[in-house]
Amino acid sequence: KVAIKPPVARDSAGPGGDKNARAYFAQAIPQFVVVDRKGVIRYVSAEWNPQTESHLASIIEATLDRSGD
């Protein structure tokens, strides 16, 4: 699911000005935020490089393992 959507009105808070963008401190695109099942932010990154996909996958797996506690 997409957590950030651009506003449609000119008088809104600007790009990323919706509730989710403010809740997760969205500052850049791409930005990855991993949130566990209890709503705790476990990881935030605003970068992309060739290792990002595998690193992000390991963060997600660890978060899923941890959230089962």
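pLDDT is the predictor's confidence in each residue, on a scale from 0 to 100. That score is the place to start here, since the model is a predicted one. Across the protein chain the average pLDDT is 75, and 64% of the residues score at least 70. Confidence is lowest in helix H1, with a mean of 71, and highest in helix H2, with a mean of 89. Where pLDDT is low, the predicted coordinates should not be read in detail.

As for the overall layout, the protein chain has two helices and two strands. Going from the N terminus, these elements come in the order α-β-β-α. The chain is 69 residues long, and 20% of them count as buried.

The two strands make a natural next stop. Strand E1 covers residues 32-35 and strand E2 covers residues 41-45; they run antiparallel and are joined by four bridges. One of the residues involved is Val35, whose bridge partner in E2 is Ile41. Together E1 and E2 form a hairpin, with five residues between the strands. Gly39 sits in that turn and has a positive phi of about 90 degrees.

Charged side chains come next. Side chains of opposite charge can pair when their charged atoms come close. In this model the count comes to one salt bridge. The partners are Asp36 and Arg42, whose side chains meet at 2.9 Å, N to O. The two ends of this contact differ in how much they are covered: Asp36 has 8% relative accessibility, which is under the 20% cut-off, so Asp36 counts as buried. Arg42, on the other hand, is partly exposed, with a relative accessible area of 37%.

Turning to the rings, the count comes to one aromatic pair. Phe32 and Trp48 make up this pair, with 6.1 Å from centre to centre and 40 degrees between the planes, an arrangement classed as tilted. Phe32 belongs to strand E1, while Trp48 lies in the loop between E2 and helix H2 (52-67), so the pair ties together parts that are 16 residues apart in sequence. Trp48 comes out at 55% relative accessibility, which is over 50%, and therefore counts as exposed.

On the surface, Phe25, Val35, Ile41 and Val44 make a nonpolar patch of about 350 Å². Phe25 comes from the loop between helix H1 (19-23) and E1. With a relative accessible area of 59%, Phe25 is exposed. Val35, by contrast, lies in strand E1 and counts as partly exposed at 30% relative accessibility. Val35 thus turns up in two settings, because this residue contributes to the patch and is also bridged to Ile41 under the strand-pairing rule.

Finally, helix H2 can be placed relative to the hairpin region through Leu64, which is found in that helix. Leu64 is partly exposed, with a relative accessible area of 44%. The C-alpha atoms of Leu64 and Arg37 are separated by 8.1 Å, although the two residues are 27 apart along the chain. Val35 and Leu64 are 29 residues apart along the chain, and their C-alpha atoms are separated by 9.7 Å.

Notes: Residues numbered from 1 in each chain as written. Predicted model: local features only at pLDDT ≥ 70, side-chain atom pairs only at ≥ 80, totals over all residues. Heavy atoms only, no water. Phe/Tyr/Trp six-rings, centres within 6.5 Å; stacked < 30°, edge-to-face > 60°. Buried < 20%, exposed > 50% of the residue type's maximum accessible area, 1.4 Å probe, protein only. Patch = residues over 30% accessible without salt bridge, like charges linked within 9 Å, V, L, I, M, F, W, Y side chains within 5 Å. Areas by Shrake-Rupley, 256 points an atom, 1.4 Å probe, with all protein chains shown as cover. Salt bridge = Lys/Arg side-chain N within 4 Å of Asp/Glu carboxyl O.
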